[in-house]
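Subject: Handover of a structure, with notes

Dear colleague,

I am passing the structure below to you, together with a short account of what was found in it. Please read the notes alongside the sequence and the model.

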Amino acid sequence: MSAVNTAAERLFPGLLPGTPLREGSAWLADAHDGYAAGVREPVSGTIGQRSFEAHAAPHADGSVTWWLVDSTDLDLAREQLRVERERTALLSKVSSALLTSLNPDRCRQLTAQLAADHLADAALVIAPGSGREFPVTRCTRGGTPVHDRLVIDADEVAGLAEALQGFPPVPSRWIDPGSAPGWLVPEEFGEIGSIVVTPLPGHGVPAGALVLLRRSRHQAYTEDEEVFARLFAARAGSAMSAARLFAAQASITDILTRDLLPPVLRQVDGVEFAGRYRPASDTERVGGDFYDLHPVTSGPDDLLAVLGDVCGKGLEAAVMTGKVRGVVQALLPMSEDHSRVLSLLNDALLSRHSTRFVTLVLASVARSTAGVRLRLTSGGHLPPLVVRANGVVEEVPTSGTLIGVLPTISSTTAEVVLAPGETCLLYTDGITEAFGGPLGGEMFGEQRLRDVLASCAGMPAEAVAEHVHMVAAEWIGDGGHDDIALLAITAPRGQHLTAVGGHGRGRYTP
């Protein structure tokens with residue numbers, strides 16, 4: 001080295017002219033050798049705690065002067081920008097991954113995995129529990145999340161009990177890694193060097209707590225890293241809370257919907273019953289059409305079958321359907337008198353100040369020596385159809401006022417006897433008024449229904465219901481339609497059959 005200015009002397013104490021450059025800075029000496037060999041790429045290195053960029057200035061005599069520019073602040077800014085971009089990308093990834101799942105277990109799994117891969121050597125997601133038992137999902141970096149239910153004492157980990165209640169986290173420097181209980185540390189993890197415990201904020205109620213573990217050979221969590229961990233936890237907690245709320249609502253909806261769905265039908269007291277139901281929208285399970293079958297404990301009849309159609313579609317109509325079905329069930333003690341049942345149902349609907357109304361058919365069913373005796377009464381509903389054993393289709397002569405509109409109603413009751421192999425079909429206008437066919441705009445109509453029913457002569461109730469429903473579905477295709485419900489009542493061929501599992505009147509269980 002031929003010359004050193006004053007600033008260079010301060011950077012490299014003892015480096016004097018004539019001293020080899022390598023004795024002052026190995027990286028700068030390497031840069032000089034590379035420059036002499038024709039390498040012209042930018043060079044940088046450190047001197048003490050500072051960063052420098054080295055710029056070469058060649059001279060005509062072949063010598064080179066190296067100018068050093070302090071880049072410490074610029075490098076720090078670049079590093080902070082890089083870290084910030086990585087964190088922003090991670091938060092975006094968290095939101096994208098978690099908000100696409102409404103499954104609570106899946107959300108906990110993704111949270112533990114993302115935290116372990118990007119924030120820690122291992123992560124635990126602890127969901128709210130019952131008593132001292134908590135759902136825990138743990139994951140090590142590069143590993144597969146594992147779900148478990150553990151009986152734990154949250155007070156064993158500083159800040160965990162508070163985090164589970166949604167309180168702000170305690171600084172990681174307050175948590176002694178050596179005091180971590182065994183359940184917190186994954187197998188073969190090694191010595192813990194640092195622990196972060198932060199709440200998972202939810203929508204009004206905490207979604208749980210996130211625990212981050214870092215091995216002792218790594219640097220302890222900085223305050224900046226803890227702040228980012230809380231940002232991560234906020235995104236994850238929001239998604240987990242939404243998933244838990246969705247799961248709870250789905251469970252409630254499923255329970256309520258289960259009671260609104262039509263019952264499963266079978267043979268009762270030697271009479272075959274079969275039904276089919278299809279809501280107006282393929283995305284819904286319930287609607288305004290319904291059918292029921294009730295045992296009658298008094299009077300000459302064995303059973304009361306009901307099929308109806310509430311005005312409207314979807315969940316609101318289904319709720320009204322549930323109320324109508326409940327009122328009819330309450331009126332079973334007087335089911336022998338159809339007119340009175342319809343009148344009381346009409347009064348109940350009028351008193352609700354509702355604009356919705358219902359049409360329905362009541363069918364009292366009893367075995368007789370000739371076959372199956374039916375008494376049918378229509379409350380503004382389409383008249384039932386009977387297919388005889390020879391294929392002749394007859395309309396049952398019953399009519400009446402729709403229910404829930406006028407203060408008083410009228411109705412007529414018709415009696416029909418089904419010989420073995422004959423069927424009475426109750427149906428809603430979702431079949432007859434369904435549009436479809438080859439061109440998609442033709443109504444299915446009553447005559448087409450009669451023709452289909454005629455081809456079902458002698459079939460069991462299940463076959464009749466399935467065939468009518470299948471033909472109607474094929475007619476509709478991908479087109480829109482109203483709610484569809486149908487109920488087939490058939491006098492079986494052969495000897496009298498009793499209910500499955502017993503003798504006598506039998507028992508219906510939906």
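Gly-38 counts as partly exposed, because its relative accessibility is 46%, a value between the limits of 20% for buried and 50% for exposed. Please bear in mind here and throughout that the model is a predicted one. Along the chain, Gly-38 belongs to the loop that connects α2 (26-36) with β1 (43-47). Between the C-alpha atoms of Gly-38 and Val-69 there is a distance of 22 Å, the two residues being 31 apart in the sequence.

The interior

The whole structure was searched for cavities of 30 Å³ or more, and one was found. The space in this largest cavity comes to about 30 Å³. Two elements, β7 (192-200) and α6 (223-260), each supply two or more of the residues that line the largest cavity. Strand β7 makes the greatest contribution to this lining, with four residues. The full set of lining residues is Pro-169, Val-170, Pro-171, Ser-172, Ile-195, Val-196, Val-197, Thr-198, Glu-226 and Arg-230. Sorted by class, the lining consists of six nonpolar residues, two polar ones and two charged ones.

The five-stranded sheet

An open sheet is built from five strands, whose order is β9-β20-β17-β14-β15 and whose pairing is antiparallel. Which strands stand at the edges? They are β9 (272-278) and β15 (393-395); each has a single partner strand, so one side of each has no neighbour in the sheet. On average, and with direction ignored, neighbouring strands of this sheet are turned by 20 degrees against each other.

At the β15 edge, the link to strand β14 (residues 385-387) is made by three bridges, and the two strands run antiparallel. In this pair, Leu-385 has Glu-395 of β15 standing opposite.

Helices on the sheet

Helix α10 (residues 446-454) packs on the sheet, where it touches β14, β15 and β17 (423-427). The direction of α10 makes an angle of about 30 degrees with that of β14. A further helix, α11 (residues 461-476), lies across β9, β17 and β20 (484-490). Relative to β9, helix α11 runs at about 20 degrees. Strand β17 thus appears in the list for α10 and in the list for α11.

With kind regards

Key
Residues are numbered from 1 along each chain as its sequence is written. This is a predicted model: local features need pLDDT of at least 70, side-chain atom pairs count only at pLDDT 80 or more; totals for chains, interfaces and linings use all residues. Side-chain values use heavy atoms; hydrogens and water are left out. Buried means under 20% relative accessible area, exposed over 50%, partly exposed in between (1.4 Å probe, protein chains only). On a 1 Å grid over the protein atoms alone, a cavity is a set of points where a 1.4 Å probe fits but cannot get out, and a pocket is an open set with protein on both sides within 12 Å along at least five of seven lines; lining residues have an atom within 4 Å of a point. Grid points are joined across faces, edges and corners, and a volume is the space filled by probe spheres set on the points. Ala, Val, Leu, Ile, Met, Phe, Trp, Tyr, Cys and Pro count as nonpolar, Asp, Glu, Lys and Arg as charged, and the others, Gly among them, as polar. Two strands pair if DSSP finds at least two bridges between them. Axes are lines fitted to C-alpha atoms, for helices over the stretch in contact, and angles run from 0 to 180 degrees between N-to-C directions. Contact means heavy atoms within 4.5 Å.
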